[in-house]
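Q: Please take a close look at one part of this predicted model, the packing of its helices, and then follow the description outward to the cores and the cysteines.

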Amino acid sequence: MESTERAVVRLTEPHTEIAGGGHSTEWPPLLDWLDNAIREQVKRGSAGGGGSPSPIDLTALALFQRIEYGVRQMREALYLPIMRDVKGAIREAWDAAKTYRASGDMDDDQQWERICDAFPRWVADIETEWDDRTRRMEVTVPCPSCGTRWVLEKDDPRDPREEPKRRSAVWVEFAEGRAPVGECRAPECGAYWVGYTDMAKLGIAIGATPDAEVLAACGIDLRQLLAS
């Protein structure tokens, strides 16, 4: 389990994650990511094509509420007032716990251990939610079918005050144990790529360098693919 201090940083502050191969990735506060994940289905349901909003992500919402409740209980035990900002509440609670421990005002080892264990556990719960979630990757090159690179979309099409945002026309979705799916969301196109073979063809069409070993692991012969 990672250190409590690192877990608090990851929950409440932008931070850098080191992935496999030593590559670094900038992450928002995990609580911000979780809050956005709760609303992601609603945005996806209302984006492009005039679709109706999808139900809110109840799994992510339940996790967020569980963390909120845990922080509230922790703050009550530390005699801290209610704070609506969960990130601020976590940071203040951890700072107060460290101060009480250093001054000898918290001599209950079990209480200290429960506080220290809570933050890494919440990080692990959010990481599990991330692992179970379908990833969406924007392809920032023109669609090989229609040539569109960008589309304008609102997060909430029903809000007349919201300005449309520029987003990539082609998105690819993938998740553990599921074949990838690509889509061009330009209204005049709507091209789809389904499965590893289609995804490999999409990659070649947009100029990506194919990896023969990775394709072979997916049961795709690169030479046959290039010849097709």
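A: In this predicted model, helix 3 and helix 4 cross in a left-handed sense. Their axes, belonging to residues 58–77 for helix 3 and residues 86–103 for helix 4, come within 10 Å and meet at a crossing angle of roughly 40 degrees. On the side of helix 3 the contact is made by Phe64, Ile67, Glu68, Val71, Met74 and Arg75, while helix 4 contributes Val86, Ala89, Ile90, Glu92 and Ala93. Sorted by class, the residues of this contact comprise eight nonpolar and three charged ones, with no polar residue.

Two of these contact residues, Ile67 of helix 3 and Ile90 of helix 4, also appear in the largest nonpolar core, which has 33 residues and in which Leu11, Ile67, Ile90, Phe119, Trp122 and Ile126 have the most contacts. The elements that supply two or more residues to this core are helix 1 (4–12), helix 2 (30–46), helix 3, helix 4 and helix 5 (109–132), and helix 5 gives the most, with eight residues. Trp122 links back to the helix pair: leaving aside residues up to four places away in sequence, Trp122 touches Leu11, Ile67, Gly70, Val71, Met74 and Ile90.

Apart from this core lies another one, of 12 residues, and among them are Val139, Val170, Cys184 and Trp193. Cys184 is buried, with a relative accessible area of 1%, yet a search of the whole structure finds zero disulfides. For Cys184 the reason is distance, because its sulfur is 3.7 Å from the closest cysteine sulfur, in Cys143, which is too far for a bond when the cut-off is within 2.5 Å. Cys189 is likewise in no disulfide, the nearest cysteine sulfur being that of Cys146 at 3.7 Å; Cys189 counts as partly exposed, at 26% relative accessibility.

Cys146 also figures in the surroundings of Ala186, a residue of the loop between strand 7 (178–184) and strand 8 (192–194). Ala186 is buried, with a relative accessible area of 3%, and, not counting residues up to four places away in sequence, Ala186 touches Cys146, Thr148 and Val151. Although Ala186 and Cys146 are 40 residues apart along the chain, their C-alpha atoms are separated by 8.3 Å.

Key: Residues numbered from 1 in each chain as written. Predicted model: local features only at pLDDT ≥ 70, side-chain atom pairs only at ≥ 80, totals over all residues. Heavy atoms only, no water. Axes fitted to C-alpha atoms, helices over the stretch in contact; angles between N-to-C directions. Helix = DSSP H or I, 4+ residues; strand = E, 2+ residues; numbered from the N terminus. Left-handed = near helix turned anticlockwise from the far one by under 90°. Contact = heavy atoms within 4.5 Å. Nonpolar A, V, L, I, M, F, W, Y, C, P; charged D, E, K, R; others polar. Buried < 20%, exposed > 50% of the residue type's maximum accessible area, 1.4 Å probe, protein only. Core = buried A, V, L, I, M, F, W, Y, C linked by side-chain atoms within 4.5 Å.
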